[in-house]
Protein chains: 2
Amino acid sequence: MSPPIPKPEEEHPSLPTVLIHRLPSFRYTLTSHLEPHFHLVDPLTTAAAATDSARALLCVGPTPVNEGTLNLYPSVRLVVGTSAGLDHVDLAACARRGVAVTSAANAFTEDVADFAVALLIDVLRRVSAGDRFVRRGLWPVQGDYPLGFKLGGKRVGILGLGNIGSEVAKRLVAFGCSVAYNSRSKKPSVPFPYYENAHDLAANSDALVVCCALNDQTRHVVNKDVMTALGKEGVIVNVGRGALIDEEELVRFLVAGELRGAGLDVFENEPNVPKQLFELDNVVLSPHKAVLTPESFRALQDVVFANLEAFFSNKPLVSPVECH
Amino acid sequence: MSPPIPKPEEEHPSLPTVLIHRLPSFRYTLTSHLEPHFHLVDPLTTAAAATDSARALLCVGPTPVNEGTLNLYPSVRLVVGTSAGLDHVDLAACARRGVAVTSAANAFTEDVADFAVALLIDVLRRVSAGDRFVRRGLWPVQGDYPLGFKLGGKRVGILGLGNIGSEVAKRLVAFGCSVAYNSRSKKPSVPFPYYENAHDLAANSDALVVCCALNDQTRHVVNKDVMTALGKEGVIVNVGRGALIDEEELVRFLVAGELRGAGLDVFENEPNVPKQLFELDNVVLSPHKAVLTPESFRALQDVVFANLEAFFSNKPLVSPVECH
């Protein structure tokens with residue numbers, strides 16, 4: 001008789017087990033710093049038995065965590081999120097079962113804010129479009145390139161003034177923009193004008209930067225009415241989630257020239273981007289990469305490690321998410 | 001006998017004459033606000049006689065003003081520049097003849113600074129390259145897009161801390177960059193570290209933003225040694241003049257991967273851009289349009305009008321340039 005195949009956790013009797021939870025198409029590259037401290041088990045590549053007693057689950061990117069996931073791993077008491085938004089995690093289901101959830105905290109905040117500002121300047125000043133113009137060899141042939149618009153002096157409405165929105169505001173102030181915002185509620189310590197809803201914010205803005213969380217209240221928060229209120233000279237930047245905007249309407253507005261332009265890092269049906277946008281010079285398209293820099297990944301590694309270590313030492317979590 | 005053709009200035013006996021000085025390929029679009037106040041004469045379209053007594057010359061864009069120009073219009077005592085840089089005006093020749101020169105002052109400052117920051121984020125975060133990736137339909141096919149780099153925390157060296165450089169610095173501070181500079185001399189009121197030459201600045205920077213004036217001292221100020229000092233992870237942004245950089249060396253460094261990337265609004269031989277750059281994903285190319293917004297043009301119209309009005313009323317000029 002051959003000896004029984006050892007269960008992976010028996011090879012690391014002293015290390016707490018952490019399950020890697022991912023869609024098969026997702027690679028994970030941020031676990032090397034965890035390996036000396038935790039016993040990492042990827043159920044996609046390891047025998048199921050190893051998952052029985054695991055108490056923590058490391059969720060790679062936007063891999064869904066729902067009732068089914070929690071049924072599969074009944075001993076799990078912590079879900080460690082690794083993305084800026086957690087709309088893929090059923091927070092209510094986690095709350096019902098007493099499962100804590102942690103977020104990426106501020107690991108991505110600055111990168112997303114930088115990218116939002118980059119998209120806004122790019123649309124206004126036609127940076128990507130100018131690059132296309134030069135690369136196609138049109139400069140010596142056509143000479144004049146259409147004028148862009150100045151960023152300074154623009155009224156920018158920020159939809160969702162959380163960590164990311166606040167960093168966007170800080171940057172735009174340095175460019176001489178005037179900032180206003182809409183959020184779940186007015187923030188007493190914030191100097192910018194508050195509008196009670198997206199429509200009123202849009203009606204008083206030259207550009208909207210969408211960076212709120214996606215949930216049942218914010219799905220399609222930028223709808224036809226909001227776009228109409230923003231107007232023909234308005235610009236929309238989205239670094240939140242695709243479904244915050246009614247994409248079909250957005251495409252219609254852009255194609256009809258009912259908006260000045262858009263800078264989009266996220267889409268409703270990623271990685272599919274509406275083909276009509278490919279023809280437009282006044283949109284800047286980005287493959288959901290507002291968060292992706294090595295510097296952000298290092299910050300994320302730190303916050304993931306800190307949450308796992310706190311959990312297994314019974315200390316307060318570093319970046320817990322409120323579960324309703 | 002037919003009556004003599006009236007000289008244009010006789011049609012406007014009460015208005016001071018201003019000559020429009022331009023290359024035939026340049027159009028001028030900012031004179032409508034001047035027409036009620038000045039008698040505008042374009043020698044390219046009007047009888048030469050009209051130019052005899054003109055005392056002011058409005059120089060369109062980078063049209064050269066040299067000894068020949070001043071010989072042609074000996075009565076001119078004011079050259080009104082309309083561009084951010086005045087390297088096309090022979091300031092020494094103007095000084096010798098007692099001809100005053102005015103600049104566009106700060107009309108373009110903020111737009112150029114915005115554009116410099118836009119180019120820097122674009123190179124680091126690959127905005128234009130990401131837009132190409134999406135438009136080519138590669139996102140659903142290739143999935144992962146290469147990581148960019150974070151702007152915050154980068155050491156940015158500003159070459160030329162005049163009006164534009166100072167506005168660039170203000171913006172970069174809001175992004176969490178640390179700023180240093182080189183200028184003709186150390187500026188006592190500036191909080192940023194000063195380096196005595198471009199080489200030392202580059203050796204202590206992750207990115208160089210080139211925004212100094214072009215003159216005999218600054219031609220090719222960014223040469224091979226400076227690029228070597230900046231290093232393989234270094235980024236160069238140029239919103240000044242093409243000839244501030246040794247373009248041939250720059251292309252060689254970029255093609256060989258000896259620099260991380262470059263964002264270029266200006267080139268040595270515009271509108272010709274070195275073709276090798278078209279193949280590179282880590283450069284952002286722009287058709288010398290860092291200054292071009294309607295908002296800038298309105299500011300320029302104001303400063304042009306203010307200088308002409310001051311000149312013809314014997315008041316101090318609004319934006320005189322020092323002529324050596």
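This is a short tour of a predicted two-chain model, from chain A as a whole to single residues and the interface.

**Stop 1: chain A, whole**

Select chain A and colour by pLDDT. The average is 92, and 94% of the residues score at least 70. Now pick residues 1-10 of chain A. There pLDDT stays under 50, and the model has 10 contacts beyond four places in sequence for this stretch.

Switch to cartoon. Chain A shows 11 helices and 11 strands. Its C-alpha atoms fill a box of roughly 80 × 50 × 35 Å along the principal axes. Of the 324 residues in chain A, 54% are buried. Among contacts in chain A with a separation of 6 or more, 60% join residues 24 or more positions apart.

**Stop 2: helix H10 of chain A**

Select residues 247-255 of chain A, which form helix H10. Show side chains. A:Glu247, A:Glu249, A:Leu250, A:Val251, A:Phe253 and A:Leu254 are buried. Next, add what covers them. The cover includes helix H9 (224-230), strand S9 (235-238), S10 and S11 of chain A. Then step just past the helix to A:Gly257, where phi is positive, at about 70 degrees.

**Stop 3: A:Asp265**

Move to the loop between strand S10 (261-264) and strand S11 (283-285) of chain A, and select A:Asp265. Which side chain of opposite charge is nearest to A:Asp265? The nearest is A:Lys289, 6.4 Å away. A:Asp265 is buried yet has no salt bridge. Now look at the backbone of A:Lys289 instead. Its nitrogen lies 2.8 Å from a polar atom of the A:Asp265 side chain.

Expand the selection to contacts, skipping neighbours within four places in sequence. A:Asp265 is in contact with A:Phe115, A:Leu119, A:Asn238 and A:Val239, among others. The list also includes A:Glu270 and the run A:Ser286, A:Pro287, A:His288, A:Lys289 and A:Ala290.

**Stop 4: the interface**

Show both chains. How many residues does each chain bring to the contact? Chain A brings 58 residues and chain B brings 58 residues. Between them the chains bury about 5000 Å², with 61% of it on carbon and sulfur atoms. On the chain A side, select A:Arg125, A:Arg135 and A:Trp139. These lose the most area to chain B, together 17% of what that side buries.

Turn on polar pairs. Across the interface, 23 residue pairs are in polar contact, both residues at pLDDT 80 or more. The elements of chain A that give two or more residues to the side touching chain B are helix H4 (109-125), helix H5 (127-135), helix H6 (139-142), helix H7 (163-174), S11 and helix H11 (294-312). H4(A) gives the most, with 10 residues.

Now the charged pairs. The count between chain A and chain B is 8 salt bridges. Zoom in on one of them: B:Arg125 pairs with A:Asp111, the closest N and O atoms being 3.5 Å apart.

**Stop 5: B:Leu280**

Finish in chain B. Select B:Leu280, in the loop between strand S10 (261-264) and strand S11 (283-285). Is B:Leu280 buried or exposed? B:Leu280 counts as buried because its relative accessible area is 15%, under the 20% cut-off.

Add its contacts, leaving out residues up to four places away in sequence. B:Leu280 touches A:Arg135 from chain A, along with B:Arg132, B:Leu254 and B:Val255 from chain B. Last, draw a C-alpha to C-alpha distance from B:Leu280 to B:Gly261. The two are 19 residues apart in sequence and 8.9 Å apart in space.

Definitions and conventions
Residues numbered from 1 in each chain as written. Chains lettered and ligands numbered in written order. Heavy atoms only, no water. Helix = DSSP H or I, 4+ residues; strand = E, 2+ residues; numbered from the N terminus. Buried < 20%, exposed > 50% of the residue type's maximum accessible area, 1.4 Å probe, protein only. Lys, Arg positive; Asp, Glu negative; His and termini not counted. Salt bridge = Lys/Arg side-chain N within 4 Å of Asp/Glu carboxyl O. Polar contact = N/O pair within 3.5 Å; in protein donor to acceptor, adjacent residues only side chain to side chain. Contact = heavy atoms within 4.5 Å. pLDDT = per-residue confidence, 0-100. Buried area = accessible area lost by both parts, 1.4 Å probe.
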